[in-house]
Amino acid sequence: MTSLPAMANKQSEAPVRVTSEIGTLRKLLVHSPDSGLGKVVPSKAQDWLFEDIVHLDTIRRKEYDYYTKILLYFLDPDRIKGKLAEADDPGRGFYKPGRPTFFKSDKVVELQWLLAEILENREIRMQLIASVCAIESCSFQIQTRLQDLKPEQLAKVFITGSVDEKEMLFPPIPNFIFTRDIGIVIGEYLLLNKPAKKARTREALLSKYIFFHHPFFERLRPNVLELSETFQHFLLPKDGEERKVTLEGGDIMVVTPDHVLVGVSERTSMEAAYQVTNLLFSRNVVSKVSIIRIPKKRDYMHIDTVFTQVKRNVWVMLGNFSKKAITNEDSDPVQRILEGQKKDDQLRIIQFRKDNVENPTYFNNLEDLLVDISRSDLHSTEETVFLYSGNNEFPFDVREQWTDSCNLLALKEGVVLGYDRNDKTVEAFRKNGFHTIHAEELIEQLDSGRLTTAEIHDTLILMPSAELSRARGGFHCMSMPLVREDIR
Ligand SMILES: NC(=O)NCCC[C@H](N)C(=O)O
């Protein structure tokens, strides 16, 4: 196997380390939209978890490529500074693994590149071909054909499902761009996911092979955490469907070195939450776990679709989970009590401490938990500020949450990436003293040297989003942080 030299040589530092949501981002895994996204047909869009079909050239060139460029300016500037003309070349070779001009960064790490690297090894190649063909029910003939492909071609086929523009062998995995959901770094551990939806099964398989076989993750292997199915689930009614263990990265947030939030949602089951809590305690990964159960709704999907962190004392969230909305003080008492009976629709927050699991703490709204994290865990002495989706005005709150107003990625404390289309949320940021700047303008300023990344503070970077938002995820979902600086 040819290894990534820059990565392999840096064995002195931990291969992964994430102890907060907001410490300066140093390394992450990404995957830029591949041609598989251009093959999604309307009748399959929902099954494949897209809300619509997307225009491939727009989602790449006019949207996601800005994300790559900004990540490079912040994390690996030598790969981009002075190379904008090359990056913006019509062929987009800069963004495509396998092309001579591919950006090849060991900080902004492209999954397809790692996959191609592990496929250099014959044994791994054979195992993965057999596994992919088994889950996609391929014929023996197709399986044999795949064995003749070069590693880079094969990596592409595994992701896009297509050999060339004309021939599709199996469905694409368009959600691979949401790298958050394949695994999550907790301190110096990696928790692998168990996707809830069939459309994401192949992603989990490919990622597992990458984490277990790529030299970059070699020293991490003893720290890889996997969940198991419910004991003898196949003997339970409906094969144990009701007690299935499913977990996706959007439901895990590492808020301090010692405290992890776990969502129970449409995608992450209670069984998984309980396994994760016990695993994190027994392996001494953290000593505090807060379980946040949200309604099982497509709108909410994972907890990172309803809130994310901006600064140690600033959070963006959907107002439906605020104290005011939960206590529903202004409403008719009969209606309030009856609504309260719809148990499945309610937010529930339970916080466990390793040294006293029998006596958990309960929070009845999200704000109380987040204030506690800001104040008690992160020692913020300033008032905790909540920026609400759509400025907390109906119907903009729910409209903008749907287009990921709450799903922001922090590049460093106070500097976050979000979609430009969520006007009222953007207004809420401005009202609270944040600067806003469009991606294109930021790139121009960084490239000309008029601005440096160190000079950027308290800023919401506005990213073009017309096509990306149809895929139903924001930049929090489109990132799997591998290394963040610890916050003090
Ligand atoms: N962490 C996230 O919230 N990820 C978003 C995943 C979107 C994708 N279309 C899905 O439905 O799985």
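Reader: Hi! What is the strand order in the open sheet, and how is it paired?
Author: The order is β3-β4-β5, three strands with mixed pairing. Strands here are DSSP runs (E, at least two residues) and helices are DSSP runs too (H or I, at least four), numbered from the N terminus. Two strands pair if DSSP finds at least two bridges between them. This is a predicted model: local features need pLDDT of at least 70, side-chain atom pairs count only at pLDDT 80 or more, and totals for chains, interfaces and linings use all residues. Residues are numbered from 1 along each chain as its sequence is written.

Reader: Thanks! Which strands are at the edges?
Author: β3 (183-186) and β5 (224-225), each of which pairs on one side only.

Reader: And how many bridges join β4 to β5?
Author: Two, and β4 (residues 189-192) runs parallel to β5. Leu191 has Leu225 in β5 as its bridge partner.

Reader: Which strands does α9 lie across?
Author: α9 lies across β3, β4 and β5, and runs at about 155° to β4. Angles run from 0 to 180 degrees between N-to-C directions, and axes are lines fitted to C-alpha atoms, for helices over the stretch in contact.

Reader: Helix packing next. How do the axes of α5 and α9 cross?
Author: The axes of α5 (residues 111-118) and α9 (residues 201-213) come within 10 Å and cross at roughly 65°. The two are therefore roughly perpendicular; angles under 35 degrees count as roughly parallel, over 145 as roughly antiparallel, 65 to 115 as roughly perpendicular and the rest as oblique.

Reader: Which residues meet there?
Author: Leu111, Leu114, Leu115 and Ile118 in α5 meet Leu206, Tyr209, Ile210 and His213 in α9 (contact means C-beta atoms, placed from the backbone, within 7 Å). By class, that contact has seven nonpolar, one polar and no charged residues. Ala, Val, Leu, Ile, Met, Phe, Trp, Tyr, Cys and Pro count as nonpolar, Asp, Glu, Lys and Arg as charged, and the others, Gly among them, as polar.

Reader: What about α5 and α8?
Author: Their axes come within 8 Å and cross at roughly 125°, with α8 spanning residues 151-160. α5 and α8 are therefore oblique to each other. In α5, Gln112, Leu115 and Ala116 meet Pro151, Glu152, Ala155, Phe158 and Ile159 in α8.

Reader: Last one, the ligand: how many residues surround it, and which are the closest?
Author: 15 residues, the closest being Leu49, Gly250, His302, Gly473 and Cys477. A residue is near if its C-beta atom, placed from the backbone, lies within 6 Å. The shell divides into six nonpolar, five polar and four charged residues.

How values were computed. Contact = placed C-beta atoms within 7 Å.
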